[in-house]
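This briefing covers the strand order, the helix packing and the burial pattern of the structure shown below. Please read the points alongside the sequence and the coordinates.

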Amino acid sequence: MSQDTFSLDELRAANKIELPAAENLVANDGVTLSYRRYLPQSPRAVVLFYHGGGAHNAASYPHLGQGLKTQGIATYMPDLRGHGASGGTRGDAPSPKQVWADVSSFIQHIRAELPNLPLFLGGHSSGSGLVLNYASQPNHLPVEHYLFLSPQFGFRSNTARVPVLASFAKVNKLPFILNAMSGKMLAGHSQAVQFNYPAELLATNPSLLTSYSVNMANAVTPAAPHQQFVQLDRPFGLWIGSDDEQIDADKVLAFADLASKVRAQSHIQRINGAKHLSILLNSHDMIGAWIQRSVSSPA
């Protein structure tokens with residue numbers, strides 16, 4: 001592996017996907033949230049899918065959206081507030097709860113547009129952490145299944161690859177300590193996480209973020225990931241690449257195994273040869289097949 005955070009060879013070689021037009025949804029606090037829809041003519045299911053840390057819905061995610069569309073699965077891909085074309089302070093949020101409320105806004109929006117379809121809620125990398133956090137909130141809106149791709153469940157999950165040649169995130173712990181000790185009153189907007197995106201990606205994709213505030217980081221980082229995962233209220237699907245540069249596939253599979261036994265119809269799978277970003281190029285067939293099975297045999 002190179003000294004870069006992520007391997008980019010597969011992304012360079014991938015065919016370009018035509019982007020659907022960006023659309024907007026207004027959050028409950030008035031902030032405009034951008035999203036893209038991949039909508040087949042007669043969808044059998046719909047996925048609400050969140051991008052990873054510092055990214056946005058046009059950064060490698062169109063391959064997944066278009067791939068699911070070809071299998072008759074509608075896919076909505078938002079930009080988190082403060083990301084991509086969405087409004088809000090870059091890399092920040094008023095609070096973690098507001099980020100989770102935005103997820104509810106999209107679920108309500110999708111239920112209104114496609115009211116009779118089973119809804120799957122998923123994410124890639126720290127988008128998976130966001131989904132796990134959302135599912136752990138007592139007021140979260142119900143969905144049929146959860147979907148985790150290259151899941152980054154945070155340092156408490158103990159799923160990081162060791163050693164990592166080039167760490168993706170550098171954390172300043174002091175703002176998190178101040179925020180916790182003050183009952184969330186202080187340092188929530190302090191920049192506390194620095195992202196180490198490869199220079200080539202930043203040069204070609206200036207919309208990528210290089211830092212997160214305490215509030216945004218807490219929104220996507222589970223506080224008690226093992227407990228939260230076992231307590232998921234619906235079945236889930238989880239896919240991890242054997243060659244992921246940041247996450248240890250064996251650790252993630254072991255992490256998810258107990259919960260898969262608790263929740264029938266859950267599915268965990270290693271994708272041989274896939275890396276943290278390249279998994280977005282070739283996982284849609286496996287994810288789509290699982291969704292189709294789940295729709296045919298609802299929990």
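In this predicted model, the buried residues of helix 11 are His284, Ile287, Gly288, Trp290, Ile291, Gln292 and Ser294. Helix 11 spans residues 284-296, and the open sheet described below has eight strands.

**Helix 11**
- With 13 residues, helix 11 reaches 18 Å from its first C-alpha to its last.
- That reach is close to the 18 Å expected at 1.5 Å a residue.

**Sheet order and edges**
- The eight strands of the open sheet follow the order 1-2-4-3-5-6-10-11, and their pairing is mixed.
- Strand 1 (23-26) and strand 11 (267-271) each have a single partner strand and stand at the edges, so one side of each has no neighbour in the sheet.
- On average, and with direction ignored, neighbouring strands of this sheet are turned by 25° against each other.

**Strand 3 and its surroundings**
- Strand 3 is mostly covered, with six of its six residues buried.
- Ala45, Val47 and Phe49 point one way from strand 3, while Val46, Leu48 and Tyr50 point the other way; all are buried.
- Strand 3 runs parallel to strand 4, to which four bridges join it.
- Within strand 4, Ile73 is the residue that stands opposite Ala45.
- From strand 3 the chain passes through helix 2 to strand 4, forming a right-handed β-α-β crossover.
- Strand 3 also pairs with strand 5 in the parallel sense, over five bridges.
- Leu48 has Leu121 of strand 5 as its bridge partner.

**The antiparallel pair of strands 2 and 4**
- Strand 2 (residues 32-38) pairs with strand 4 (residues 73-78) in the antiparallel sense, and four bridges are involved.
- Opposite Tyr35 stands Pro78 of strand 4.
- Strand 4 therefore takes part in both kinds of pairing, since two strands count as paired when at least two bridges are found between them: antiparallel with strand 2 and parallel with strand 3.

**Helices lying across the sheet**
- Helix 2 (residues 62-69) lies across strand 2, strand 3 (45-50), strand 4 and strand 6 (145-149).
- The direction of helix 2 is at about 160° to that of strand 4.
- Helix 3 (residues 96-113) lies across strand 1, strand 2, strand 3, strand 4 and strand 5 (119-124).
- Relative to strand 3, helix 3 runs at about 160°.

Conventions:
Residues numbered from 1 in each chain as written. Predicted model: local features only at pLDDT ≥ 70, side-chain atom pairs only at ≥ 80, totals over all residues. Heavy atoms only, no water. Axes fitted to C-alpha atoms, helices over the stretch in contact; angles between N-to-C directions. Contact = heavy atoms within 4.5 Å. Expected span 1.5 Å × (residues − 1). Buried < 20%, exposed > 50% of the residue type's maximum accessible area, 1.4 Å probe, protein only. Right-handed = clockwise from strand over helix to strand, strands pointing away.
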